[in-house]
Amino acid sequence: MSEERTLVLIKPDGVARGLMGEVFSRLERKGYKITSLLMTEATEEQLRRHYAEKVNAPYFPEILEYMTSGPLVAMVVTGTNIVKNFRAMAGVTNPSEAAPGTIRGDYGRDWEDGAVRNIVHSSDSVENAEREISIWFENH
């Protein structure tokens, strides 16, 4: 097994609700290293590159609205099997279906407008992690 890198985004809802420290703590308690950290406002161009496979989906405008609704935190996290392990820590995409004990299960919920606000993004493969890291951290 070797060290991997992954991209973790604390999405605007996670930042607005003050959950950054909780995400950092969970990563640190597991012994993972946050090697790059950036608080930023997402641009439409970054999001189009990041969500390239979803740009033509009918719900993409909702993703743009959500991800540009406030600042987010982008971080590069390293560790053995970090891609798979952080996805397990995050929980399934729909926070209403995420297991208790996961980030999304503990902090996500249904909202009146029906929008999915699920606190964090995690890369789904080592290859996608490297692609996504290059979008958010162009010099890494």
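**A walk through the chain**

Let's start with the building blocks: the chain has seven helices and four strands, where helices (H or I, at least four residues) and strands (E, at least two) are DSSP runs numbered from the N terminus. Follow the chain from that end and the order is β-α-α-β-α-α-β-α-α-β-α. The radius of gyration is 14 Å, close to the 14 Å from the globule rule for 140 residues, so the chain is as compact as a globular protein of that length. That radius is taken over C-alpha atoms, and the rule is 2.2 Å times the number of residues to the power 0.38.

A quick word on what you're looking at: this is a predicted model, in which local features need pLDDT of at least 70 and side-chain atom pairs count only at pLDDT 80 or more, while totals for chains, interfaces and linings use all residues. Residues are numbered from 1 along each chain as its sequence is written, and side-chain values use heavy atoms, leaving out hydrogens and water.

Now for the inside. Buried residues make up 45% of the 140 in the chain; buried means under 20% relative accessible area, exposed over 50%, and partly exposed in between (1.4 Å probe, protein chains only). Among contacts (heavy atoms within 4.5 Å) with a separation of 6 or more, 76% join residues 24 or more positions apart.

For a close-up, find H50 in helix α3, which covers residues 44–50. H50 counts as buried because its relative accessibility is 1%. What does H50 touch, leaving aside its neighbours within four places in sequence? The contacts of H50 are L7, L9, H121, R131, E132, I135 and W136.
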